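Please find below a colleague's note on the structure, set out as numbered points. Each point is best read with the sequence and the 3D view side by side.

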Amino acid sequence: MGQKLIETVMGIVVLGVAILFFVFAWNTADLRPVSGYMLKASFASVGALAEGSDVKIGGVKVGTVTSQRIHPETFRAEISFTIRSELTLPEDTQASVTSDGLLGGKYLRLTPGVSKKKLAAGATLKKTRDALALEELLARAIFLLIDSSKRNGDGEGQKKHDTAR
């Protein structure tokens, strides 16, 4: 009977520590959505940007992506997001989908402009830059290297050298 009581108590202690760790991680990682006013942006490609992704200015979280949809006429991805209510962004603010490093997730980066006019709640950003996928960049680089070697004749010289052996 004593052995089962010890196992039960240890199980409760482990469960309590796990809950405390989760609460600490939730508060430290700033995973809560940011409340504020709503803005929109339109992109040809958003990559892996998802609802709940961060919106950052200068690397600091200032908002949260709240929804995404495809516009039925233009077939562009429309992103809705919130911005802290104490921040009023210039009308010429640029939005771009960016990656948090090689293995990090995607977030919406805002680059404030210099316009004196401010964006009102519900406004749509006019300046956007689409997401670039890492696979696309690698494919472009490989294509450029192959194309460059063909133009320089490196590929032909290598073939002649291989056949001479």
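What does the accessible surface of the protein chain come to, and what percentage of it belongs to carbon and sulfur atoms?

1. **Surface and burial.** The model under discussion is predicted. The accessible surface of its protein chain comes to about 11,700 Å², and carbon and sulfur atoms account for 63% of that area. Of the 165 residues in the chain, 22% are buried.

2. **Secondary structure.** The protein chain contains three helices and eight strands. In sequence order, the pattern is α-β-β-β-β-β-β-β-β-α-α. Among contacts with a separation of 6 or more, 62% are between residues 24 or more positions apart.

3. **The sheet.** The eight strands form an open sheet with mixed pairing, in the order S7-S1-S4-S3-S2-S6-S5-S8. Strand S7 (124-125) and strand S8 (127-129) each have a single partner strand and stand at the edges, so one side of each has no neighbour in the sheet.

4. **The two edges.** At one edge, S7 runs parallel to S1 and is joined to it by two bridges; Lys 40 has Thr 124 in S7 as its bridge partner. At the other edge, S8 runs parallel to S5, with three bridges between them. In that pairing, Ser 96 stands opposite Arg 129 in S8.

5. **Strand S2 and its partners.** Strand S2 (residues 54-57) is antiparallel to S3, and four bridges join the two. S2 also runs parallel to S6, with two bridges between them. Val 55 is a useful residue to follow here: its bridge partner in S3 is Gly 63, and it stands opposite Leu 108 in S6. The hairpin of S2 and S3 has two residues between the strands, and Gly 58 takes a positive phi near 60 degrees in this hairpin.

6. **The pairing of S5 and S6.** S5 and S6 are antiparallel and share six bridges. Within this pairing, Ser 99 stands opposite Lys 106 in S6.

7. **The nonpolar core.** Which residues have the most contacts inside the largest nonpolar core? They are Phe 43, Val 55, Phe 81, Ile 83, Leu 108 and Leu 110, in a core of 21 residues. At least two residues of this core come from each of strand S1 (36-43), strand S3 (60-70), strand S4 (77-84), strand S5 (94-99) and strand S6 (106-111). The student may wish to examine Ile 83 in the 3D view. Beyond its neighbours within four places in sequence, Ile 83 is in contact with Ser 35, Gly 36, Tyr 37, Leu 39, Val 55, Val 62, Gly 63, Leu 89 and Leu 110.

8. **Salt bridges.** How many salt bridges does a search of the whole structure find? The search finds two. One joins the side chains of Lys 61 and Asp 54, with an N to O distance of 3.4 Å. Lys 61 counts as buried because its relative accessibility is 9%, which is under the 20% limit. Its partner Asp 54 is partly exposed, with a relative accessible area of 25%. The other salt bridge joins the side chains of Arg 69 and Glu 78 at 2.9 Å, N to O. Here Arg 69 is partly exposed at 46% relative accessibility, and Glu 78 is partly exposed at 21%.

9. **His 71.** Is His 71 buried or exposed? This residue lies in the loop between S3 and S4. His 71 is buried because its relative accessible area is 19%, and buried means under 20%. A polar atom of the His 71 side chain lies 3.1 Å from the backbone nitrogen of Glu 73. With neighbours within four places in sequence left aside, His 71 is in contact with Arg 76 and Glu 78. Glu 78 is also the residue that meets Arg 69 in a salt bridge.

10. **Ala 44.** Ala 44 is located in the loop between S1 and S2. Its contacts, leaving aside neighbours within four places in sequence, are with Arg 76 and Asp 130. Arg 76 is also in contact with His 71. Ala 44 and Thr 74 are 30 residues apart along the chain, and their C-alpha atoms are separated by 9.3 Å.

Conventions. Residues are numbered from 1 along each chain as its sequence is written. This is a predicted model: local features need pLDDT of at least 70, side-chain atom pairs count only at pLDDT 80 or more; totals for chains, interfaces and linings use all residues. Side-chain values use heavy atoms; hydrogens and water are left out. A salt bridge is a side-chain nitrogen of Lys or Arg within 4 Å of a carboxyl oxygen of Asp or Glu. Buried means under 20% relative accessible area, exposed over 50%, partly exposed in between (1.4 Å probe, protein chains only). A nonpolar core is a set of buried Ala, Val, Leu, Ile, Met, Phe, Trp, Tyr and Cys residues joined through side-chain atoms within 4.5 Å. Contact means heavy atoms within 4.5 Å. A polar contact is a pair of N or O atoms within 3.5 Å; within protein, one must be able to donate a hydrogen and the other to accept it, and residues adjacent in sequence count only if both atoms are side-chain atoms. Two strands pair if DSSP finds at least two bridges between them. Accessible areas come from the Shrake-Rupley method with a 1.4 Å probe; for residues, only the protein chains shown count as cover.
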